Amino acid sequence: LCVTSRPLYGEAVAHMAPIFVKLEEHLLDPKYENHPQLSHFIKLMKKYSLARKERYDADLEFYLGENSKKLTNSSLSEVKNRVRQTKETMDYMQHLDDLVKEDPVLLISCAYHMYLATLVGGFIIRKIVQKAFGLSDDDGVKALVFEPEADPKTGVVPSPAAMKKDIKHCLNTEMKLTQKQQERILQESTAVFEMNNRIFGSLARDS
C-alpha cells in the first residue's frame, strides 16, 4: 500500500482507475440492460451504487488535480494519460475488450473480484490512508466508500456483508450461468489476480 506520500498514493489510484472505467463502460452499456444474465448484476450495481468511476475521478482530483493542492508537478490529465499508456494497464483494458467480444458475461469475473475486494477491504484501507495522510473525512478515499441507499421498505442501509451475500447469490443463482461460462469465469479469476499483480508490480518498479 503506497502511503509513504500523497503523490505516490495518487499515482496508485491512477493505475487502477482506468480499469474500473473500462469495466463499467462495458457493464453499464445500455444494450445490456435487458441482457438475460448481465441485467441481474447491473441491477445490483445500481441498487448498491457499486460503480466507482466518479469516485475515482474525485480521488484523482484530490491528489493530483490542478484545482486541488499541488501535490505533484503533473496535472491530472497528464497523469491519466501516462498511466493509461503503461503496458500493464493497456493490456488489462484490452483484455476486458476481448472478453466482451467472446462473451460479455465473462466480465463478471473481474467485476466480482474488483468490487468485492473494495467492499471487503476498502474500510481497512480507507482507515490506513486517512491516518497516514491526516484526512478528516472521505475526501481522497471516496473510491473505497460505498453508500448504498436504505431499503425503501425497511429503511435499513445494507451492510457490506449483506451486499456481498447478495452479489454472490446473483452470480451463483440468478444469472444462471452455463457450465462453460462457469469454467471460463474460474479461468478469468486467475487472470484478474495476475493482471492486478502486474499493475501493482509496475507501480513498485516506477516508484
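# A walk through an all-helical model

His26 touches Tyr32, Leu96, Asp97, Val100 and Leu107, when residues up to four places away in sequence are left out of the count. The model in which these contacts are seen is a predicted one, and His26 is a convenient place to enter it. The residue lies in helix 1, which covers residues 6-27, and at 12% relative accessibility His26 counts as buried, because the limit for that class is under 20%. One of its partners, Leu96, stands 70 residues away along the chain, yet the C-alpha atoms of His26 and Leu96 are separated by 8.5 Å.

From this one residue the view can be widened to the whole protein. The protein has 8 helices and 0 strands, so that, read from the N terminus on, its elements run α-α-α-α-α-α-α-α. Of the 207 residues in the protein, 47% are buried. Among the contacts with a separation of 6 or more, 73% are made by residues 24 or more positions apart. The accessible surface comes to about 11100 Å², and carbon and sulfur atoms account for 53% of that surface.

Helix 2 (38-47) offers a next stop. Its buried residues are Leu38, Ser39, Phe41, Ile42, Leu44 and Met45, and what covers these residues includes helix 1, helix 6 and helix 7. Just after helix 2, Ser49 takes a positive phi of about 50 degrees.

Helix 7 can be followed in more detail. At 1.5 Å a residue, the 15 residues of this helix (residues 160-174) should span 21 Å, and the C-alpha atoms at its ends are 20 Å apart, which agrees with that expectation. Seen down the axis of helix 7, the buried residues fall within an arc of 85 degrees, so they line one face of the helix. These buried residues are Met163, Ile167, Cys170 and Leu171, and their cover includes helix 2 and helix 6 (107-133). The face turned away from the buried side carries the exposed residues Ala161, Lys165 and Asn172. Just after helix 7, Lys176 takes a positive phi of about 50 degrees, as Ser49 does just after helix 2.

Helix 6, already met as part of the cover of helix 2 and of helix 7, also holds Ser109. This serine is buried, with a relative accessible area of 2%. Leaving aside residues up to four places away in sequence, Ser109 touches Ile185, Glu188, Ser189 and Val192.

The aromatic side chains give a further view of the protein. By the ring-centre rule, under which centres must lie within 6.5 Å, the count comes to 7 aromatic pairs. Ring pairs link Tyr9, Phe62, Tyr63 and Phe133 into a cluster. Elsewhere a charged side chain is set against a ring: Arg52 lies over the face of Phe146, at 3.8 Å from the ring centre.

Taken together, these stops connect single residues with the helices that hold them. His26 is buried in helix 1 and Ser109 is buried in helix 6, while helix 2 and helix 7 each appear in the cover of the other's buried residues.

Terms used. Residues numbered from 1 in each chain as written. Predicted model: local features only at pLDDT ≥ 70, side-chain atom pairs only at ≥ 80, totals over all residues. Heavy atoms only, no water. Helix = DSSP H or I, 4+ residues; strand = E, 2+ residues; numbered from the N terminus. Expected span 1.5 Å × (residues − 1). Buried < 20%, exposed > 50% of the residue type's maximum accessible area, 1.4 Å probe, protein only. Arc of directions from axis to C-beta. Contact = heavy atoms within 4.5 Å. Phe/Tyr/Trp six-rings, centres within 6.5 Å; stacked < 30°, edge-to-face > 60°. Lys NZ or Arg CZ within 6 Å of the ring centre and 35° of its normal. Areas by Shrake-Rupley, 256 points an atom, 1.4 Å probe, with all protein chains shown as cover.
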